[in-house]
Amino acid sequence: MSARKESMQVIAAVRSNLESCILGKSFEIELLLTALLAGGHVLIEDVPGTGKTQMIKALAKSMSGQYRRIQCNPDILPSDITGVSIFHPRDEQFYFRPGPVMTNILLADEINRATTKTQSALLEVMEERSVTVDGETHPLPHPFMLCATQNPIDFEGTYMLPEAQLDRFMMKITLGYPDEQTERNLLRHGAAGQPVDRLEPVTDMQHIADIQQEIRNIHLDESVSDYLVSVIRHTREHASVLLGASPRATLSFMMAVKAYAFIQNRDYVLPDDVKKLAPYVIPHRILPRPEARMERMSSERIVAQILEQVHAPVSMGQ
């Protein structure tokens, strides 16, 4: 069996596991897998009870990866995430005791309940994949992915995520409520307990790391690359935008479309891939002007306008 065919079977098996736990959310699951294989992090914003935590647990269990969960609150300290150096009297030296961040899949639940000081502890984690404690840098396990959740309707006891942290999330997705038929099916599936508890691993983290390397070889034609860059640059020139997408966003966008093309079993990126992922990669990275917000001009609406304005290259038949 070829390496590519084996990789596609692994992706299909992981997707099947997730879809057995989170019903009716195939596209959202595809986005999560895209971010994972692209080496990115995901922010899931939705109301309570829509399956955010279950989806992340199912992902980690499907890959037999290390999984840790941080329940964020105003009392949590940076050292509660990164770890701490503890003095050993007998040896007369400090030993590093790793925090929950030393894992493959880290879930920061209700991340906006942590203080800004604690949130800043995740900046190095998300970008450099390491933590520095007492001047010593400790690399994280590879691969590593941060999945954070936040409740969009809570205001008391919450802290807005700084732009520097939002920019480190490859995607921001929502699950939303299931449709009526899916909710009926949910009752039948839930009668036997939590589906995630019955999941079996279908791959391991080393195979995921190998797929991440394969994705780097996906072809990105110059015309599609120019289209992607043009979409990003238009966020900086749009009249309603105060802060446009960063160069980090450009690189993150490129890896996302490559991973999405790979999941579609293609070895090249289409302009449609750029269009499809833009609403999940860009809006949380841009800041509308105050007057635009007063006119209810959201980031999502701005990105939709840009996609209408920027000319997409003709798809290449390959």
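**Figure 1. The whole chain, seen as a predicted model.** Of the 318 residues that make up the chain, 51% count as buried, and the coordinates shown here and in the views that follow are those of a predicted model. The chain is built from 13 helices and eleven strands, and its C-alpha atoms fill a box of roughly 70 × 50 × 40 Å when the box is taken along the principal axes. The radius of gyration is 20 Å, which agrees with the value near 20 Å that a compact globule of 318 residues would have. Among the contacts in the chain with a separation of 6 or more, 78% are made by residues that stand 24 or more positions apart. The accessible surface comes to about 15500 Å², and 51% of that surface belongs to carbon and sulfur atoms. The side chains include 32 positive and 40 negative ones, with the centres of the two sets lying 2 Å apart.

**Figure 2. The nonpolar cores, with Phe253 in view.** In soluble globular proteins, nonpolar side chains tend to be buried together. In this chain the largest nonpolar core has 71 residues, and Leu59 and Phe253 are the residues with the most contacts inside it. Helix α10, which spans residues 247-263, gives the most to this core, contributing ten residues. Apart from this core lies another one, of 22 residues, which includes Leu43, Ile76, Ile81 and Ile111. When residues up to four places away in sequence are not counted, Phe253 touches Leu228, Ile232, Val274, Leu277, Ala278, Val281 and Ile282.

**Figure 3. Ser7 and its surroundings in helix α1.** Ser7 has its place in helix α1, which runs over residues 3-21. The relative accessibility of Ser7 is 0%, and therefore Ser7 counts as buried, the limit being under 20%. Once the neighbours within four places in sequence are left aside, the residues in contact with Ser7 are His207, Ile211, Glu214 and Phe262.

**Figure 4. Ile306 in helix α13.** Ile306 is found in helix α13, and with a relative accessible area of 2% this residue is buried. Leaving aside neighbours within four places in sequence, Ile306 makes contact with Val231, His234, Thr235 and His238. Leu175 serves as a distant landmark for this view: Leu175 and Ile306 are 131 residues apart along the chain, and their C-alpha atoms are separated by 24 Å.

**Figure 5. Pro78 in helix α4.** Pro78 belongs to helix α4, made up of residues 78-82. Beyond the neighbours within four places in sequence, Pro78 is in contact with Lys117, Thr118 and Ala121. A second reference point is Leu161, which is 83 residues from Pro78 in sequence and 15 Å from Pro78 in space, C-alpha to C-alpha.

**Figure 6. Arg129 in the loop between α5 and β6.** Arg129 lies in the loop that joins α5 to β6, the strand of residues 130-133. With a relative accessibility of 24%, Arg129 counts as partly exposed. The contacts of Arg129, leaving aside neighbours within four places in sequence, are with Gly39, Gly40, His41, Glu124, Pro139, Leu140 and Phe144. One of these residues, Phe144, is 15 residues from Arg129 in sequence and 7.3 Å away in space, C-alpha to C-alpha.

**Figure 7. The cis peptide bond before Pro143.** The peptide bond that leads from His142 to Pro143 is cis, and its omega is near -5°. Pro143 is placed in the loop between β7, residues 136-139, and β8, residues 145-150.

**Figure 8. Two loop residues with positive phi, Glu110 and Arg296.** Glu110 has a phi near 55°, a positive value in a residue other than glycine, and this residue lies in the loop between β5, residues 105-109, and α5, residues 116-128. Arg296 likewise is not a glycine, although its phi is positive at about 60°, and Arg296 is found in the loop between α12, residues 290-294, and α13, residues 299-309. As for accessibility, Glu110 counts as partly exposed at 24%, whereas Arg296 is exposed, with a relative accessible area of 75%.

Definitions and conventions: Residues numbered from 1 in each chain as written. Predicted model: local features only at pLDDT ≥ 70, side-chain atom pairs only at ≥ 80, totals over all residues. Heavy atoms only, no water. Helix = DSSP H or I, 4+ residues; strand = E, 2+ residues; numbered from the N terminus. Rg over C-alpha atoms; globule rule 2.2 N^0.38 Å. Buried < 20%, exposed > 50% of the residue type's maximum accessible area, 1.4 Å probe, protein only. Contact = heavy atoms within 4.5 Å. Areas by Shrake-Rupley, 256 points an atom, 1.4 Å probe, with all protein chains shown as cover. Lys, Arg positive; Asp, Glu negative; His and termini not counted. Charge placed at Lys NZ, Arg CZ, Asp CG, Glu CD. Core = buried A, V, L, I, M, F, W, Y, C linked by side-chain atoms within 4.5 Å.
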